[in-house]
Amino acid sequence: MNRVRNQHKHCYMKIGICGELGACDGRGDIRTMVLAALTSLHGQVGAAIPIDVLQWLPTNCIAILRVPHSEVQKVWSALTLLSEYRSAPCALQVSQVSTSLCSVAIDHCVSADGTLLQVT
């Protein structure tokens, strides 16, 4: 009997960033912050996880990450437990995780009657 296995290679995570991030100016800083969180919780094993910052929205303080499917739990736990970055208080909140980039990247949803709603 052949079973269908989960063939998704990556998961996509939408994260919100709260804190004093005036010095955070782009994808490179977000990636450094995520790697710092992984290193502090999981050491060098965490630092070796390949993370890609696909989008950074500085106005909303939201980032979309691509993470290997097998490493989602490690990344999620490290992001949740981060409390400071560069000696400044900081918190990362995972708001959405999906195997589909479209479902994470969309900023709208459709109501039951078919009207388009803006997600805030």
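**Close-up views of a predicted model**

**View 1. Arginine 66 and aspartate 52 form a salt bridge.** Arginine 66 has a relative accessible area of 26% and is therefore partly exposed. The model is predicted. Aspartate 52 is also partly exposed, at 31%. Their side chains meet with an N to O distance of 2.8 Å. Arginine 66 sits in strand 3 and aspartate 52 in strand 2, so that the pair links distant parts of the chain, 14 residues apart. Side chains of opposite charge can pair when their charged atoms come close.

**View 2. Strand 2 and strand 3 make a hairpin.** The two strands run antiparallel and are joined by 5 bridges. Strand 2 covers residues 52–57, and strand 3 covers 62–68. Glutamine 55 stands opposite isoleucine 64 in strand 3. Between the strands lie 4 residues. Cysteine 61, in the turn, has a positive phi of about 55 degrees.

**View 3. The largest nonpolar core has 26 residues.** Leu65 and Leu79 have the most contacts inside this core. Two or more residues come from each of strand 1, helix 1, strand 2, strand 3, helix 2 and strand 5. Helix 1 (27–47) gives the largest share, 6 residues. In soluble globular proteins, nonpolar side chains tend to be buried together. Which residues does leucine 65 contact, leaving aside its neighbours within four places in sequence? They are Cys11, Tyr12, Met13, Ile15, Val34, Ile51, Asp52, Val53 and Leu79. The last of these, Leu79, is buried in helix 2.

**View 4. Helix 2 has its buried residues along one face.** Val72, Val75, Ala78 and Leu79 are buried in this helix. Seen down the helix axis, the buried residues fall within an arc of 140 degrees, so they line one face. An α-helix has 3.6 residues a turn, so residues three or four places apart point the same way. On the other side of helix 2, Gln73 and Leu81 are exposed. What do the buried residues of helix 2 pack against? Their partners are strand 1, helix 1, strand 3 and strand 5.

**View 5. Lysine 74 and glutamate 71 form a salt bridge.** The side chains meet at 3.5 Å, N to O. Lysine 74 is partly exposed, with a relative accessible area of 31%. Glutamate 71 has 19% relative accessibility. The cut-off for buried is under 20%, so glutamate 71 counts as buried.

**View 6. Strand 5 pairs with strand 1 and with strand 4.** Strand 1 and strand 5 pair in the antiparallel sense over 8 bridges. Isoleucine 17 stands opposite leucine 92 in strand 5. Strand 4 (residues 84–85) also runs antiparallel to strand 5, and 2 bridges join them. Here glutamate 84 stands opposite proline 89. Strand 4 and strand 5 form a hairpin with 2 residues between them. Arginine 86, in the turn, has a positive phi of about 55 degrees.

**View 7. Arginine 86 forms a salt bridge with aspartate 29.** The closest N and O atoms are 3.3 Å apart. Arginine 86 lies in the loop between strand 4 and strand 5, and aspartate 29 lies in helix 1, so the pair ties together parts that are 57 residues apart in sequence. Are arginine 86 and aspartate 29 buried or exposed? Arginine 86 counts as exposed, at 52% relative accessibility. Aspartate 29 counts as buried, at 13%. The salt bridge count for the model comes to 3.

**View 8. Glycine 28 lies in helix 1.** Its relative accessibility is 48%, so glycine 28 counts as partly exposed. The C-alpha atoms of glycine 28 and valine 53 are separated by 8.1 Å. Along the chain, these two residues are 25 residues apart.

**View 9. Serine 98 makes a side-chain polar contact with serine 103.** The polar contact joining the two side chains is 2.7 Å. Serine 98 is found in strand 5, which covers residues 88–98. With a relative accessible area of 17%, serine 98 is buried. Which residues does serine 98 touch, not counting those up to four places away in sequence? Serine 98 touches Cys11, Tyr12, Ser103 and Val104.

How values were computed:
Residues are numbered from 1 along each chain as its sequence is written. This is a predicted model: local features need pLDDT of at least 70, side-chain atom pairs count only at pLDDT 80 or more; totals for chains, interfaces and linings use all residues. Side-chain values use heavy atoms; hydrogens and water are left out. Buried means under 20% relative accessible area, exposed over 50%, partly exposed in between (1.4 Å probe, protein chains only). A polar contact is a pair of N or O atoms within 3.5 Å; within protein, one must be able to donate a hydrogen and the other to accept it, and residues adjacent in sequence count only if both atoms are side-chain atoms. Contact means heavy atoms within 4.5 Å. A nonpolar core is a set of buried Ala, Val, Leu, Ile, Met, Phe, Trp, Tyr and Cys residues joined through side-chain atoms within 4.5 Å. The arc is that of the directions from the helix axis to the C-beta atoms. Two strands pair if DSSP finds at least two bridges between them. A salt bridge is a side-chain nitrogen of Lys or Arg within 4 Å of a carboxyl oxygen of Asp or Glu.
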